[in-house]
Amino acid sequence: MKKYIIAAALIIGTGAIINTAVQSCTTLATSDLGLSIIKRFLLSGIDKGVNIYSNREAFLQNNMVDKALPKQLREINSMLEKVAPSLVQKERAYIADAAVYTVNISKPILVNAVNSLNAQDVTRIIQGEKGTATLILKEKTSQQLIAAITPKVEEQLNQYGIVRSINTALSGSNLLGSLLGGNKSTVNAGGLSQLASEQLVNGMFNIIEDYEIQNSKSLLGPLGK
């Protein structure tokens with residue numbers, strides 16, 4: 001596995017600049033400076049995601065969010081496209097509203113996780129492939145984020161009556177049974193909220209990971225690359 005070295009200038013609160021010499025990844029991993037660089041790096045990625053989630057139109061236009069659409073919700077939307085395509089657009093718009101509604105719940109959880117990173121995490125990040133920092137953040141927070149925002153997402157979707165609209169559009173269809181399991185003929189409100197919450201959480205991680213991959217070379221560039 002490739003090792004990384006960092007040569008960085010860190011601006012501290014006094015405005016002074018600390019120029020670091022090239023250090024081994026092991027030394028850096030256990031240093032306050034290495035930890036500070038990783039934290040600042042991840043916090044910048046979180047800020048990018050938060051800015052997108054805070055803007056309804058930016059959320060709707062972001063392909064990182066589209067890639068996070070859960071398979072089950074994608075299949076429901078495929079069925080809706082055949083009978084009520086406008087409803088798919090409404091569903092996407094309502095999930096975008098839910099993103100704006102819940103982003104202030106998600107951000108503190110992510111920031112707290114970044115601030116709790118330790119030297120062991122930094123060692124893993126430096127010795128790992130690109131995207132490892134985001135992976136660690138996801139491991140630490142994913143389930144907590146979903147649990148925290150799902151009730152708010154459900155509240156938002158129920159406000160718009162989106163579940164009722166989907167069930168009305170798909171009434172009489174025998175496809176939902178095979179999709180949702182058993183003899184189910186309707187979409188469950190809690191199930192849709194769970195799927196939407198998973199999309200919101202995984203979309204956020206996609207944005208953070210993309211930021212990490214696009215910008216890591218400036219701080220964590222591998223030797224000879």
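This is a short dialogue on reading the fold, core, cavities and one helix of a predicted model.

Trainee: Where do I start? How many helices and strands are in the chain?

Mentor: Start with the element count. This predicted model has eleven helices and two strands. Then read the order. From the N terminus, the elements run β-β-α-α-α-α-α-α-α-α-α-α-α. Both strands therefore precede the helices, with elements numbered from the N terminus.

Trainee: What share of the residues counts as buried?

Mentor: Buried means under 20% relative accessible area. Here 47% of the 225 residues meet that mark.

Trainee: And which separation in sequence should I look at for contacts?

Mentor: Take the contacts with a separation of 6 or more. In this chain, 78% of them join residues 24 or more positions apart.

Trainee: Now the core. Which residues of the largest nonpolar core touch the most other members?

Mentor: Look for the members with many partners. The largest nonpolar core has 54 residues. Leu42, Tyr53, Phe59, Leu137, Ile162, Ile166 and Leu200 touch the most other members. Helix α6 supplies the largest share of this core, twelve residues.

Trainee: Take one of them. What is phenylalanine 59 in contact with, leaving aside its neighbours within four places in sequence?

Mentor: Dropping sequence neighbours leaves the contacts made by folding. For Phe59 these are Ile52, Tyr53, Val65, Ile95, Ala96, Ala99 and Leu200. Two of these partners, Tyr53 and Leu200, are also among the core members with the most touches.

Trainee: How many cavities of 30 Å³ or more are there?

Mentor: There are two. The largest holds about 50 Å³ of space.

Trainee: Which residues line the largest cavity?

Mentor: Read a lining by residue, then by element, then by chemistry. The residues are Tyr53, Thr102, Ser106, Leu145, Ile149, Leu200, Val201 and Met204. Helices α6 (85-115), α8 (132-160) and α11 (189-220) each supply at least two of them. Helix α11 gives the most, with three. By type, the lining has six nonpolar residues, two polar and no charged. Tyr53 and Leu200 turn up again here.

Trainee: Last, a helix. Which residues of α9 are buried?

Mentor: Sort a helix by burial, then see where each group points. In α9 (residues 162-169), Ile162, Val163, Ile166 and Asn167 are buried. They lie on the same side of α9 because they cover an arc of only 135 degrees around the axis.

Trainee: What is exposed on the other side of α9?

Mentor: Arg164 and Thr168. On the buried side, Ile162 and Ile166 tie back to the core, as both are among its members with the most touches.

Definitions and conventions: Residues are numbered from 1 along each chain as its sequence is written. This is a predicted model: local features need pLDDT of at least 70, side-chain atom pairs count only at pLDDT 80 or more; totals for chains, interfaces and linings use all residues. Side-chain values use heavy atoms; hydrogens and water are left out. On a 1 Å grid over the protein atoms alone, a cavity is a set of points where a 1.4 Å probe fits but cannot get out, and a pocket is an open set with protein on both sides within 12 Å along at least five of seven lines; lining residues have an atom within 4 Å of a point. Grid points are joined across faces, edges and corners, and a volume is the space filled by probe spheres set on the points. Helices (H or I, at least four residues) and strands (E, at least two) are DSSP runs, numbered from the N terminus. Ala, Val, Leu, Ile, Met, Phe, Trp, Tyr, Cys and Pro count as nonpolar, Asp, Glu, Lys and Arg as charged, and the others, Gly among them, as polar. A nonpolar core is a set of buried Ala, Val, Leu, Ile, Met, Phe, Trp, Tyr and Cys residues joined through side-chain atoms within 4.5 Å. Buried means under 20% relative accessible area, exposed over 50%, partly exposed in between (1.4 Å probe, protein chains only). Contact means heavy atoms within 4.5 Å. The arc is that of the directions from the helix axis to the C-beta atoms.
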